[in-house]
Amino acid sequence: GRHAALADVEDRLDELAAELGTLGTDRLTLAWIDPPESAADADVLVDRLVECGRRARERGLVFGFHNHWGELRALDDGRTFLDRLLEAPAELVELELDLGWVWDAGADPEQRLARAAGRCPLVHVKDFAFARQEGWVGFTYSGAPMGEGRLDYDALVRAVRPDERGINRIVEHWLPWQGDAEQTARAEARWTRQTLEYLKEKDHG
């Protein structure tokens with residue numbers, strides 16, 4: 001699939017459809033939104049995404065939304081943007097859940113996956129962990145090599161049922177800076193190998 005900005009989805013959908021045809025895929029995912037500040041703003045934004053999904057469907061495309069942390073923040077009516085989006089027609093707006101951002105927002109990834117069942121054909125698979133900062137107090141929240149952090153991959157598989165439903169897993173890292181570009185690239189390659197080996201072991205072990 002392809003990620004795109006909201007302005008491009010609304011204003012350049014025919015061009016995006018042509019690009020997707022060249023790539024041999026029909027999946028178009030909204031990469032980012034400015035999180036709404038109020039319930040009223042959230043309702044307006046959901047309507048815009050539903051309209052994007054309707055127009056995408058007319059062109060034979062599957063439209064989805066990729067979350068970050070802001071969409072899981074409670075608004076002035078106590079509900080989140082993601083709560084609202086889950087009420088939109090599933091055939092018009094699918095979800096590409098990023099479980100790291102779900103955790104970052106203080107939500108339960110397993111619960112969010114369960115609520116999104118049937119409309120979440122893609123998930124971001126990356127591990128994450130807390131570590132104590134240097135000194136007496138404070139913690140950092142960052143990526144971790146797959147299998148070494150807090151991601152409950154077994155629970156993810158139970159909730160998503162990727163093999164049964166043909167769901168793809170997107171490998172992504174929150175890789176801390178390693179001091180320079182070369183060392184960071186080496187660490188990324190190492191994390192990628194470890195992630196792929198971990199997934200193969202889990203899926204076939």
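This passage looks at a buried glutamate, the cavities and a set of salt bridges in a predicted model.

A good place to start is Glu-96, a residue of strand E4, which spans residues 94-98. Glu-96 is buried, yet no salt bridge accompanies its charge. The nearest side chain of opposite charge belongs to Arg-27 and lies 6.7 Å away. Because a salt bridge requires the nitrogen and the carboxyl oxygen to be within 4 Å, Arg-27 does not qualify as a partner for Glu-96. Polar contacts are present, however. The side chain of Glu-96 meets that of His-124 at 2.6 Å, and a further polar contact, of 3.3 Å, reaches the side chain of Thr-29. Beyond its neighbours within four places in sequence, Glu-96 is in contact with several residues, among them His-3, Phe-65, His-66, Asn-67, Leu-122 and Ile-170.

Glu-96 also appears in the description of empty space. Two cavities of 30 Å³ or more turn up in a search of the whole structure, and the largest holds about 40 Å³. The lining of this largest cavity includes Glu-96 together with Arg-27, Thr-29 and Leu-122. Other lining residues include Leu-28, Val-62, Phe-63, Gly-64, Glu-94, Leu-95 and Pro-121. Strand E2 (27-30), strand E3 (62-66) and E4 are the elements that each give two or more residues to this lining.

Turning to charged pairs, the structure as a whole contains 20 salt bridges. One of them joins Arg-59 and Asp-14, with the closest N and O atoms 2.6 Å apart. This pair links distant parts of the chain, 45 residues apart: Arg-59 sits in the loop between helix H3 (39-58) and E3, whereas Asp-14 belongs to helix H2 (residues 13-23). Arg-59 counts as partly exposed because its relative accessibility is 32%, while Asp-14, at 52%, counts as exposed.

Another salt bridge brings together the side chains of Asp-77 and Arg-84, at 2.3 Å from N to O. Here Asp-77 is partly exposed, with a relative accessibility of 37%, whereas Arg-84 has 4% and is therefore buried. Elsewhere, salt bridges with shared partners tie Arg-2, Asp-8, Arg-12, Glu-15 and Glu-19 into one network. Within that network, Arg-12 and Glu-19 form a salt bridge whose closest N and O atoms are 3.5 Å apart. Both residues are partly exposed: the relative accessible area of Arg-12 is 24%, and Glu-19 has a relative accessibility of 29%.

Definitions and conventions
Residues are numbered from 1 along each chain as its sequence is written. This is a predicted model: local features need pLDDT of at least 70, side-chain atom pairs count only at pLDDT 80 or more; totals for chains, interfaces and linings use all residues. Side-chain values use heavy atoms; hydrogens and water are left out. Helices (H or I, at least four residues) and strands (E, at least two) are DSSP runs, numbered from the N terminus. Buried means under 20% relative accessible area, exposed over 50%, partly exposed in between (1.4 Å probe, protein chains only). Lys and Arg count as positive and Asp and Glu as negative; His and the chain ends are not counted. A polar contact is a pair of N or O atoms within 3.5 Å; within protein, one must be able to donate a hydrogen and the other to accept it, and residues adjacent in sequence count only if both atoms are side-chain atoms. Contact means heavy atoms within 4.5 Å. On a 1 Å grid over the protein atoms alone, a cavity is a set of points where a 1.4 Å probe fits but cannot get out, and a pocket is an open set with protein on both sides within 12 Å along at least five of seven lines; lining residues have an atom within 4 Å of a point. Grid points are joined across faces, edges and corners, and a volume is the space filled by probe spheres set on the points.
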